[in-house]
Amino acid sequence: MSDAKSPRTLDAVVVGAGFSGLYMLHKLRELRLSAVVFEAADGVGGTWYWNRYPGARCDSESYYYAYSFSKDIQQEWEWTCRYPEQPEILRYLNFVADKLDLRRDIRFNTRVTAAHFNEGSGLWDIETDKGAVVSARFFISAVGCLSAAQVPDIKGLDSFEGSWYHTGKWPHEGVDFTGKRVGIIGTGSSAIQAIPVIAAQAAHLTVFQRTPNYTVPARNGPMAADFKRKVKETYDEITQKRGSPCSGCLSITPSCRPWMSRRNSASAPTTTGGISAVSGLCWPPTTT
């Protein structure tokens, strides 16, 4: 990238390399527009890069929670279960990035620090923490609603001597709760997923809940071969019923919702919570 004294001019700058950012880069290329994506992480995935807490999975069925713009991707990728876990979704997004050769236009480990619209030039001047300055006709935020972890203002948290973790910024190496006494604050969809997994490992688990949530069994399980085949044969019909245009199930359009509601009411219940889940905070204070 150029230095601060000599801006590089592009058609578009996109912030974030999750579902939306990857799709946006692909569409900008289709329009023959020059573009770059700035991503704070060292890999693609967005929410699914950062949220690696125990039990993290999607609560939309896998073949819905996917891109519908590419028949090649639809036919080549194989989902293993009805509600995919975080590692599988991250593998899917890496597969898409490689399939479409998107990485060459993504600047990883780079955070946008400022963006100002220049009235004189009619361009956005975007600055990064690497010292780069880029000018662009279009400045597109694809950071979504889960890009900033909300850590509760708990008195004494800064002096707490134990370990504490946030579901939105989970250690990539994982956390061993064996023999620990663990507390989880909140019962949003992230906590609902994490609680049974952590409880199976920890010596004792206490859940601190303000407002109860309603949840039902997910009825999750492997996708049988004949079901996978049927899905691949009817992707066009599935996409049409889901609503169009709709690149994936990150944004269910109004035309999708009635069909999704009818379908869910006639089939097995799905998990509660959604993509805009409120993450929980947990820590293992002491060993037993």
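The points below go through confidence, sheets, a crossover and cavities in this predicted model.

1. Confidence across the chain. The mean pLDDT of the protein chain is 83, and 81% of its residues reach 70 or more. Over residues 244–288, however, the pLDDT is below 50, although this stretch has 122 contacts in the model beyond near neighbours in sequence. A further stretch, residues 1–6, also stays under 50 in pLDDT, and for these residues the model has 14 contacts beyond four places in sequence.

2. The six-strand sheet. The model contains an open sheet of six strands, whose order is β3-β2-β1-β6-β5-β4 and whose pairing is mixed. Its edge strands are β3 (106–107) and β4 (112–118), each of which pairs on one side only. As background, the strands of a sheet pair through backbone hydrogen bonds, and they may do so in either the parallel or the antiparallel sense.

3. A parallel pair within that sheet. Strand β1, which covers residues 8–15, and strand β6, which covers residues 133–141, pair in the parallel sense over seven bridges. To locate this pairing on the structure, one may begin at Arg8, whose bridge partner in β6 is Val134.

4. The β8 and β9 pair and its crossover. Strand β8 (residues 180–185) is paired with strand β9 (residues 204–208), again in the parallel sense, over five bridges. One residue to look for here is Ile184, which has Val207 in β9 as its bridge partner. Together with helix α5 (residues 189–199), the strands β8 and β9 make a β-α-β unit that is right-handed.

5. Cavities. The count of cavities of 30 Å³ or more comes to three, and the largest cavity has a volume of about 70 Å³.

6. What lines the largest cavity? The lining is formed by Tyr63, Gln74, Trp77, Glu78, Trp79, Met223, Lys228, Val231, Lys232 and Tyr235. Helix α6, which spans residues 225–233, gives the most to this lining, with three residues. By residue class, the lining of the largest cavity divides into six nonpolar, one polar and three charged residues; the residues to inspect there include Trp77 and Trp79, as well as Glu78 and Lys228.

Definitions and conventions
Residues numbered from 1 in each chain as written. Predicted model: local features only at pLDDT ≥ 70, side-chain atom pairs only at ≥ 80, totals over all residues. Heavy atoms only, no water. 1 Å grid on protein atoms, 1.4 Å probe; cavity = no way out; pocket = protein on both sides within 12 Å on 5 of 7 lines; lining within 4 Å. Points joined across faces, edges and corners; volume = space filled by probe spheres on them. Helix = DSSP H or I, 4+ residues; strand = E, 2+ residues; numbered from the N terminus. Nonpolar A, V, L, I, M, F, W, Y, C, P; charged D, E, K, R; others polar. Pairing = 2+ DSSP bridges. Right-handed = clockwise from strand over helix to strand, strands pointing away. pLDDT = per-residue confidence, 0-100. Contact = heavy atoms within 4.5 Å.
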